[in-house]
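Here is a small set of exercises to help you find your way around a new structure. Try each task yourself before you read the worked solution.

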Amino acid sequence: MTPVFLPRRTKFAKQFTDRHLRFTKKFLRFHEPMLLTRPLCSNSKPLIHECWKCGTDLDPVGQQYFCDCGVVQPPKLCRDFFCMMGMKVDFDVNVPDLKKQFTTLQRNLHPDKFTQKSETEKEFSLQQSSTVNKAYSTLLKPLSRALYMLELKGIFIEESNISAEPKFLMEILEINEELAEADSLEAVEDIRTTNQKVMDDITASLSVAFRNGDLEEAKILISKLKYYANIEDKVKELRQLYAHNL
């Protein structure tokens, strides 16, 4: 077979392209965690599936934190918080399992365990630990979990976009007035109990909405839950105030 000789410019272009691709891959491997503060979606695959240290192909689920060679891996793009905590995307989270997984991950990824490691491993352990904290706090509460599930679908609920019926707003106003007039810890506790029951009912309805894929209903329920969550925060402040004065 007659050898094919590429023109000098073509050879140079190919060499440049190869070097550029190698550089891009290396750049993404080390700087990928800094390019995004949250996963983009729940279905996309991570850009890189190999260990940054030894180059071994990684299982994106079973080896998302450590390679078999023992080094900690950087957080990956397009990996949702549910996957990070070893769970499927589902509004009905098993909270005890979530807490157990969080404790295990933090024990293995805490930066204090990497004080004698390389600077790269120190940085990756810090990033992983921080991301696990964010995943845990997001999935722990029904409101933040529901908001996150909508975000995975590309739906964002801003404060300015929250609208409610006048009757509902009057109910919220009355509860706030009751809080303002509460003159004892017992009165605050009564409001807290009632408010918690309403939040539990909304959470149950949210579960049904997500199970049925009714995102419009989920948006309405989340908007209502936000109001009651604000009341819950005010109740906590009053409880602390009364407890401090006892």
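## Exercises with worked solutions

Arg211 is exposed, because its relative accessible area is 57%, above the 50% cut-off. Keep this residue in mind, as it returns in the exercise on salt bridges. Please also remember that you are looking at a predicted model.

**Exercise 1. Describe the overall make-up of the protein: how many helices and strands does it have?**

Step 1. Start with the elements. There are eight helices and zero strands, so the pattern along the sequence reads α-α-α-α-α-α-α-α.

Step 2. Turn to burial. The protein has 246 residues, and 35% of them count as buried.

Step 3. Look at the outside. The accessible surface comes to about 15,600 Å², with 55% of it belonging to carbon and sulfur atoms.

Step 4. Finish with the contacts. Taking those between residues at least 6 apart in sequence, 63% join residues at least 24 apart.

**Exercise 2. Find the salt-bridge partner of Arg211 and say where the two residues sit.**

Step 1. The partner is Asp92, and the closest N and O atoms of the pair are 3.5 Å apart. This counts as a salt bridge because the cut-off is 4 Å.

Step 2. Place both residues on the chain. Arg211 belongs to helix H7 (residues 185-211), while Asp92 is in the loop between helix H2 (81-84) and H3. With their positions 119 residues apart, the pair links distant parts of the chain.

Step 3. Compare the cover of each residue. Arg211 is exposed, whereas Asp92 is partly exposed, with a relative accessible area of 42%.

**Exercise 3. Two further salt bridges each lie within a helix; work out the spacing of Lys122 and Glu119, and then that of Lys197 and Asp201.**

Step 1. Take helix H4 (residues 119-140), which holds both Lys122 and Glu119. They are three residues apart, about one turn of the helix, and their closest N and O atoms are 3.3 Å apart.

Step 2. Check their exposure. Lys122 is partly exposed at 29%, while Glu119 is exposed at 60%.

Step 3. Move to helix H7, home to Lys197 and Asp201. Here the spacing is four residues, again about one turn of the helix, and the side chains meet at 3.3 Å, N to O.

Step 4. Check exposure once more. Lys197 is exposed, with a relative accessible area of 53%, and Asp201 is partly exposed at 42%. Elsewhere, Glu189, Arg192 and Arg239 are joined into one network by salt bridges that share partners.

Step 5. Put these pairs in context: a search of the whole structure finds seven salt bridges.

**Exercise 4. Decide whether Leu98 is buried or exposed, and list what it touches.**

Step 1. Locate Leu98 in helix H3 (residues 95-109).

Step 2. Its relative accessibility is 0%, so Leu98 counts as buried.

Step 3. Leave out residues up to four places away in sequence. Leu98 then touches Met85, Met87, Val93, Tyr136, Leu139 and Leu140.

Step 4. Add a distance to your picture. Phe82 is 16 residues from Leu98 in sequence, and their C-alpha atoms are 9.5 Å apart in space.

**Exercise 5. Work out how many residues of helix H5 are buried, and which elements cover them.**

Step 1. Helix H5 spans residues 142-152 and is mostly covered, with eight of its eleven residues buried.

Step 2. The buried residues in H5 are Leu143, Arg145, Ala146, Leu147, Tyr148, Met149, Leu150 and Leu152.

Step 3. The cover over these residues includes H2, H3, H4, H7 and helix H8 (215-245).

Step 4. Look just beyond the helix end: Gly154, just after H5, takes a positive phi of about 80°.

**Exercise 6. Which residues form the negative surface patch?**

Step 1. The patch is made of Glu171, Glu174, Glu177, Glu178 and Glu181.

Step 2. Pick one of them, Glu171, which is placed in helix H6 (residues 166-181).

Step 3. Glu171 counts as partly exposed because its relative accessibility is 34%.

**Exercise 7. Describe the setting of Gln196.**

Step 1. Gln196 is in helix H7, and at 28% relative accessibility this residue counts as partly exposed.

Step 2. From Gln196 to Ala229 the separation is 33 residues in sequence and 9.1 Å in space, C-alpha to C-alpha.

Methods. Residues numbered from 1 in each chain as written. Predicted model: local features only at pLDDT ≥ 70, side-chain atom pairs only at ≥ 80, totals over all residues. Heavy atoms only, no water. Helix = DSSP H or I, 4+ residues; strand = E, 2+ residues; numbered from the N terminus. Buried < 20%, exposed > 50% of the residue type's maximum accessible area, 1.4 Å probe, protein only. Contact = heavy atoms within 4.5 Å. Patch = residues over 30% accessible without salt bridge, like charges linked within 9 Å, V, L, I, M, F, W, Y side chains within 5 Å. Areas by Shrake-Rupley, 256 points an atom, 1.4 Å probe, with all protein chains shown as cover. Lys, Arg positive; Asp, Glu negative; His and termini not counted. Charge placed at Lys NZ, Arg CZ, Asp CG, Glu CD.
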